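I opened a new notebook page for this protein. My plan was to go from the overall fold to single residues and write down what I looked up.

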Amino acid sequence: MNLLMRKGSAHPIDSRVSYLNLYEFDDLDLSSVAGLVVTSDCDQIFLERTGEELTAFVRAGGRIAVMGHVVTTHIGRSRVPLDYVHPLGEGYVLVHSGNDLTGWHSDDNSASRMSPQLFDWLAQR
(Lines give C-alpha, C1' and ligand atoms only; values in the text may rest on other atoms or scores of the structure.)
Protein backbone atom coordinates (compact mmCIF):
# COMPACT_ATOMS: atom_id res chain seq x y z
CA MET A 1 0.00 0.00 0.00
CA ASN A 2 1.45 3.34 -1.01
CA LEU A 3 -0.09 6.54 0.33
CA LEU A 4 -0.16 9.22 -2.36
CA MET A 5 -0.96 12.88 -2.54
CA ARG A 6 -1.58 13.03 -6.25
CA LYS A 7 -2.83 10.50 -8.71
CA GLY A 8 -1.12 9.98 -12.03
CA SER A 9 2.48 10.19 -10.83
CA ALA A 10 4.86 7.53 -12.09
CA HIS A 11 5.00 4.72 -9.54
CA PRO A 12 6.47 1.23 -9.56
CA ILE A 13 4.21 -1.47 -10.95
CA ASP A 14 4.01 -4.30 -8.46
CA SER A 15 1.05 -6.61 -7.97
CA ARG A 16 1.45 -6.36 -4.19
CA VAL A 17 0.98 -2.61 -4.16
CA SER A 18 -2.22 -0.57 -4.14
CA TYR A 19 -2.15 3.20 -4.38
CA LEU A 20 -4.35 5.30 -2.16
CA ASN A 21 -4.90 9.02 -2.00
CA LEU A 22 -3.75 10.04 1.47
CA TYR A 23 -7.00 11.88 2.12
CA GLU A 24 -8.88 8.57 1.77
CA PHE A 25 -6.93 7.14 4.73
CA ASP A 26 -9.85 7.45 7.16
CA ASP A 27 -11.85 4.99 5.01
CA LEU A 28 -9.05 2.42 4.83
CA ASP A 29 -9.35 -0.94 6.61
CA LEU A 30 -5.76 -1.70 7.64
CA SER A 31 -6.55 -5.24 8.83
CA SER A 32 -5.49 -6.76 5.49
CA VAL A 33 -2.52 -4.43 4.89
CA ALA A 34 1.02 -5.64 5.64
CA GLY A 35 2.90 -2.41 5.01
CA LEU A 36 2.59 1.24 4.06
CA VAL A 37 4.90 3.55 2.12
CA VAL A 38 4.56 7.19 3.11
CA THR A 39 6.03 9.20 0.26
CA SER A 40 7.82 12.50 0.72
CA ASP A 41 5.01 14.54 -0.81
CA CYS A 42 2.41 13.44 1.75
CA ASP A 43 0.68 16.10 3.83
CA GLN A 44 2.53 15.93 7.15
CA ILE A 45 -0.20 17.79 9.05
CA PHE A 46 -2.80 15.28 7.86
CA LEU A 47 -0.44 12.40 8.72
CA GLU A 48 -0.04 13.74 12.24
CA ARG A 49 -3.82 13.50 12.66
CA THR A 50 -3.65 9.80 11.76
CA GLY A 51 -0.83 9.14 14.21
CA GLU A 52 -2.82 6.97 16.59
CA GLU A 53 -4.06 4.72 13.77
CA LEU A 54 -0.59 4.42 12.25
CA THR A 55 0.95 3.64 15.65
CA ALA A 56 -1.67 0.96 16.35
CA PHE A 57 -1.03 -0.52 12.89
CA VAL A 58 2.71 -0.87 13.55
CA ARG A 59 2.29 -2.10 17.13
CA ALA A 60 0.07 -4.89 15.75
CA GLY A 61 2.86 -6.06 13.42
CA GLY A 62 2.56 -3.74 10.41
CA ARG A 63 5.49 -2.05 8.73
CA ILE A 64 5.75 1.53 7.53
CA ALA A 65 8.44 3.09 5.33
CA VAL A 66 8.61 6.87 5.76
CA MET A 67 10.38 8.72 2.94
CA GLY A 68 11.74 12.17 2.39
CA HIS A 69 11.44 15.26 4.52
CA VAL A 70 9.13 13.82 7.18
CA VAL A 71 12.23 13.15 9.32
CA THR A 72 15.61 14.75 8.63
CA THR A 73 18.54 12.82 10.05
CA HIS A 74 22.20 13.06 9.20
CA ILE A 75 25.60 12.03 10.46
CA GLY A 76 29.05 13.56 10.33
CA ARG A 77 30.41 16.76 8.87
CA SER A 78 29.21 15.85 5.42
CA ARG A 79 25.64 15.47 6.77
CA VAL A 80 25.27 12.02 5.17
CA PRO A 81 21.65 10.78 5.37
CA LEU A 82 21.09 8.00 7.85
CA ASP A 83 18.40 5.36 7.36
CA TYR A 84 17.22 3.29 10.25
CA VAL A 85 14.58 0.75 11.21
CA HIS A 86 12.78 1.43 14.47
CA PRO A 87 10.96 -1.46 16.19
CA LEU A 88 7.56 -0.51 17.55
CA GLY A 89 5.45 -3.19 19.23
CA GLU A 90 5.33 -6.15 16.86
CA GLY A 91 6.11 -4.01 13.79
CA TYR A 92 8.76 -1.73 12.35
CA VAL A 93 9.13 1.78 10.95
CA LEU A 94 11.78 2.40 8.28
CA VAL A 95 12.89 6.03 8.17
CA HIS A 96 14.66 7.22 5.05
CA SER A 97 15.53 10.91 5.00
CA GLY A 98 16.41 11.08 1.31
CA ASN A 99 14.31 10.90 -1.85
CA ASP A 100 11.61 8.25 -2.12
CA LEU A 101 13.17 4.79 -2.48
CA THR A 102 10.49 3.99 -5.07
CA GLY A 103 11.60 6.84 -7.33
CA TRP A 104 14.13 4.87 -9.36
CA HIS A 105 11.91 1.92 -10.27
CA SER A 106 12.39 2.41 -14.00
CA ASP A 107 16.15 3.09 -14.00
CA ASP A 108 18.30 0.76 -16.07
CA ASN A 109 20.76 0.12 -13.23
CA SER A 110 20.79 -1.53 -9.81
CA ALA A 111 18.73 1.32 -8.28
CA SER A 112 15.65 -0.20 -9.91
CA ARG A 113 15.87 -3.07 -7.38
CA MET A 114 15.08 -0.76 -4.45
CA SER A 115 11.30 -0.76 -4.97
CA PRO A 116 10.86 -4.55 -5.09
CA GLN A 117 13.23 -4.97 -2.15
CA LEU A 118 11.28 -2.40 -0.15
CA PHE A 119 7.98 -4.11 -0.98
CA ASP A 120 9.50 -7.46 0.06
CA TRP A 121 10.44 -5.97 3.43
CA LEU A 122 7.01 -4.38 3.90
CA ALA A 123 5.21 -7.65 3.12
CA GLN A 124 6.95 -9.46 6.00
CA ARG A 125 4.13 -8.92 8.46
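**Entry 1: the elements.** I counted three helices and eight strands in the protein. I noted that the model is a predicted one. Reading from the N terminus, I wrote the order of the elements as β-β-β-α-α-β-β-β-β-β-α. I then looked up the totals. Of the 125 residues, 41% count as buried. The protein exposes about 7300 Å², and carbon and sulfur atoms supply 50% of that area. I also looked at contacts with a sequence separation of 6 or more: residues 24 or more positions apart account for 60% of them.

**Entry 2: strand E4 and its partners.** I asked myself how many residues of E4 are buried. I found that five of its five residues are. On one side of the strand I listed Arg63, Ala65 and Met67, and on the other Ile64 and Val66. Both faces are covered.

Next I looked up which strands pair with E4. E3 and E4 run parallel and are joined by four bridges. Within this pairing, Leu36 stands opposite Ile64, and Val38 has Val66 as its bridge partner. I also checked the side chains of E3: Gly35 and Val37 point one way, Leu36 and Val38 point the other way, and all are buried. E4 also pairs with E8, in the parallel sense and over five bridges. Here Met67 has His96 as its bridge partner.

**Entry 3: the hairpin.** E8 has another partner in my notes. Strand E7, residues 84-88, pairs with strand E8, residues 91-96, in the antiparallel sense. I counted five bridges between them. Leu88 stands opposite Gly91. Two residues lie between the strands of this hairpin, and Gly89 takes a positive phi near 60°.

**Entry 4: the cores.** I looked up the largest nonpolar core, which has 17 residues. Which of them touch the most other members? I wrote down Leu30, Leu36, Leu47, Leu54, Phe57, Val58 and Ile64. The elements that give two or more residues to this core are E3, H1, H2 (51-59), E4 (63-67) and E8. H2 gives the most, with three residues. A second, separate core has 10 residues, including Val17, Ala65, Met67 and Leu94.

I then followed Val58 on its own. Not counting residues up to four places away in sequence, Val58 touches Ile64, Leu88, Glu90, Gly91, Tyr92 and Val93.

**Entry 5: Arg63.** I came back to Arg63, which is found in strand E4. Is it buried or exposed? Arg63 has a relative accessible area of 9% and is buried, because buried means under 20%. I listed what Arg63 touches, leaving out residues up to four places away in sequence: Ala34, Gly35, Leu36, Phe57, Tyr92, Trp121, Leu122 and Gln124. One of these, Trp121, has the charged end of Arg63 over its ring, 4.7 Å from the ring centre. I also looked up the distance from Arg63 to Leu94. The two are 31 residues apart in sequence, and their C-alpha atoms are 7.7 Å apart in space.

**Entry 6: the aromatic pair.** I searched for aromatic pairs and found one in the structure. Tyr23 and Phe46 form this pair, which is edge-to-face. I wrote down 5.0 Å centre to centre and 75° between the planes. The angle fits the label, because planes over 60 degrees apart count as edge-to-face. Tyr23 lies in the loop between strand E2 (19-21) and strand E3 (35-38), and Phe46 lies in helix H1 (residues 44-49), so the pair ties together parts that are 23 residues apart in sequence. I looked up the cover on each partner as well. Tyr23 is partly exposed, at 42% relative accessible area, whereas Phe46 is buried, at 12%.

**Entry 7: Thr50.** My last lookup was Thr50, in the loop between H1 and H2. Thr50 counts as buried, with a relative accessibility of 3%. Leaving aside neighbours within four places in sequence, I found Thr50 in contact with Phe25 and Asp26.

Note on methods. Residues numbered from 1 in each chain as written. Predicted model: local features only at pLDDT ≥ 70, side-chain atom pairs only at ≥ 80, totals over all residues. Heavy atoms only, no water. Pairing = 2+ DSSP bridges. Phe/Tyr/Trp six-rings, centres within 6.5 Å; stacked < 30°, edge-to-face > 60°. Buried < 20%, exposed > 50% of the residue type's maximum accessible area, 1.4 Å probe, protein only. Lys NZ or Arg CZ within 6 Å of the ring centre and 35° of its normal. Core = buried A, V, L, I, M, F, W, Y, C linked by side-chain atoms within 4.5 Å. Contact = heavy atoms within 4.5 Å. Areas by Shrake-Rupley, 256 points an atom, 1.4 Å probe, with all protein chains shown as cover.
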